[in-house]
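Work through the following exercises with the coordinates open, and try each task before reading its solution.

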Number of protein chains: 2
Amino acid sequence: MTPIHPFDRALRLDVLDADTRRGRTHPEWANMVGPFGGITTAILLRAIETHPGCIGEPLAVTINFAGPVADGDFDIRLRTPRTNRSSQHWIAELSQGGDVKTTATAVFGIRRDTWADTEARPPSAPPPEQLAPGGGPEIVVAWARLYDMRFAEGAFPGPGAQPSPASEIALWVRDRAQRPVDYPALAALCDVFYPRVFQRRGGVVPVGTISMTTYFHADQQELDALGGDFVLACAHADRFTHGYSDQSAQVWSRHGVLLASTHQIVYFKA
Amino acid sequence: MTPIHPFDRALRLDVLDADTRRGRTHPEWANMVGPFGGITTAILLRAIETHPGCIGEPLAVTINFAGPVADGDFDIRLRTPRTNRSSQHWIAELSQGGDVKTTATAVFGIRRDTWADTEARPPSAPPPEQLAPGGGPEIVVAWARLYDMRFAEGAFPGPGAQPSPASEIALWVRDRAQRPVDYPALAALCDVFYPRVFQRRGGVVPVGTISMTTYFHADQQELDALGGDFVLACAHADRFTHGYSDQSAQVWSRHGVLLASTHQIVYFKA
């Protein structure tokens with residue numbers, strides 16, 4: 001019997017009633033405090049896309065990390081405030097013992113053939129086969145060990161690291177077992193960047209993502225073509241001020257397909 | 001008696017009960033369909049910031065335009081799923097006759113002195129005094145006539161316009177009556193860009209913002225220093241595909257302060 005992949009194990013949800021699901025944390029997805037934000041986003045997206053009333057594919061999701069998720073069970077409550085002909089709006093709340101830990105809104109929609117163009121360009125980076133594995137946050141957080149990360153720019157600032165004058169980061173990353181990328185997995189890949197303030201300050205400081213928004217550009221065919229291959233993930237911050245900073249990021253296929261763009265605002269102490 | 005400014009008129013809300021407010025649309029804020037998204041965002045932000053339980057200043061807001069707001073009254077229902085020591089999470093829903101038209105999540109928080117840096121740089125543009133007023137969407141939508149827009153790049157594609165190979169746009173913009181910029185006004189300024197697909201296609205096509213997220217970098221002192229002056233607003237799209245495109249934008253003060261960064265996903269037919 002093939003053991004279940006850790007990503008699929010984390011996304012297993014029990015149906016408590018028509019609009020409530022129960023999941024649980026898993027130690028292999030642990031972050032510095034609570035679970036990796038990317039797995040929480042993936043779980044919420046999975047809860048929505050497997051709801052019998054769901055139409056279309058994910059277009060946008062915003063996750064608000066309201067409080068730390070404790071080890072153990074959590075409940076997800078789903079609502080559809082509005083369903084249109086070709087789009088659907090969702091609100092999800094993840095709670096533990098009645099305390100809300102995460103809120104989310106998501107928009108799903110039907111993709112149609114239209115005029116198309118990609119204006120953005122991927123950063124230049126050697127192919128992943130020419131880069132050494134490692135250099136990521138696997139030295140401090142468990143979840144990063146589930147990925148094969150290869151840094152073209154901005155490796156994790158370990159002991160003796162210096163502050164960096166810029167926050168740009170670019171890495172190739174794939175699931176270590178090359179599990180095929182679906183929308184939940186793409187959502188998780190959008191959160192693989194260790195905090196930009198670590199790079200700027202040259203080390204670890206107290207930090208937490210407050211809110212994160214991801215726009216899914218890839219259609220199902222583009223995900224099928226990607227399979228479990230490396231994606232090129234790049235990110236930067238525009239401004240750090242008064243204990244908060246933004247981050248904007250893109251996730252590219254090896255063939256120059258912009259799969260997702262994603263933005264977040266982060267709390268820090270420095 | 002000084003007449004009330006159209007922005008303040010639009011933000012007038014009646015208190016129906018502890019967590020419910022009633023507002024109404026105003027013809028001067030009309031967009032092609034329903035009201036200008038920026039004024040809806042401003043109204044929701046105002047509803048939250050004037051709630052007696054609100055703490056801190058706006059850090060992030062995500063608005064999902066679920067359905068068109070019809071002319072007339074609307075009700076806003078507010079909830080605080082979580083309040084932390086220095087941050088607070090909100091969910092707001094705007095409805096008309098029981099139909100949800102807009103959903104929003106917002107994070108407010110307390111700003112503290114920390115290490116700070118701005119990495120982004122404003123686009124180069126002549127000062128607003130050297131640019132001619134006009135060139136914006138005021139030829140097709142009422143709300144744009146409430147602003148003084150001066151285009152450095154990407155004027156509205158009027159009759160005879162050609163498709164453009166790029167979606168970059170940069171304009172100076174201020175409230176025509178120079179009403180001082182507060183957080184709701186900054187949120188509205190984040191949505192002044194006519195759709196990027198118009199620029200690429202060289203004309204008007206069916207379009208609508210689906211979801212929009214704004215990160216507020218400016219603190220109150222920076223807003224006070226800005227007053228009613230011009231801001232430099234710039235935007236671009238990364239990818240147009242299958243009927244959807246993203247937009248990323250920044251709003252800068254004349255003195256190079258990054259006041260806000262903002263992102264949206266847009267539906268289009270082309």
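**Exercise 1.** How much area is buried between chain B and chain A, and what percentage of it do carbon and sulfur atoms give?

*Solution.* In this predicted model, the area buried between chain B and chain A comes to about 5800 Å², and carbon and sulfur atoms give 52% of that area. On the side of chain B, the residues that lose the most area to chain A are Trp115(B), Arg239(B) and His242(B), which together make up 15% of what that side buries.

**Exercise 2.** Determine how the two copies are related and through which surface they meet.

*Solution.* Begin with the superposition: chain B is brought onto chain A by a rotation of 180 degrees with 0.0 Å of shift along the axis, at an RMSD of 0.0 Å. The two copies are therefore related as by a two-fold rotation axis. Next, take the contacts, in which 69 residues of chain B touch 69 residues of chain A. Since 100% of the interface residues of chain B are also interface residues in chain A, the copies meet through the same surface.

**Exercise 3.** Describe the polar and charged contacts across the interface, and then the pairing of strands.

*Solution.* Between chain B and chain A there are eight salt bridges, and the side chains of Arg239(A) and Glu222(B) meet in a salt bridge with an N to O distance of 2.7 Å. By class, the side of chain B that touches chain A holds 27 nonpolar, 23 polar and 19 charged residues. Turning to the backbone, strand E7 (residues 117-118) of chain A pairs with strand E12 (residues 239-241) of chain B in the antiparallel sense over two bridges, and Asp117(A) has Phe240(B) as its bridge partner in E12(B).

Definitions and conventions:
Residues are numbered from 1 along each chain as its sequence is written. Chains are lettered from A and ligands numbered from 1 in the order in which they are written. This is a predicted model: local features need pLDDT of at least 70, side-chain atom pairs count only at pLDDT 80 or more; totals for chains, interfaces and linings use all residues. Side-chain values use heavy atoms; hydrogens and water are left out. Copies are superposed by least squares on the C-alpha atoms of residues with pLDDT of at least 70 in both. Contact means heavy atoms within 4.5 Å. Buried area is the accessible area (1.4 Å probe) that two parts lose on being put together, summed over both. A salt bridge is a side-chain nitrogen of Lys or Arg within 4 Å of a carboxyl oxygen of Asp or Glu. Ala, Val, Leu, Ile, Met, Phe, Trp, Tyr, Cys and Pro count as nonpolar, Asp, Glu, Lys and Arg as charged, and the others, Gly among them, as polar. Two strands pair if DSSP finds at least two bridges between them. Helices (H or I, at least four residues) and strands (E, at least two) are DSSP runs, numbered from the N terminus.
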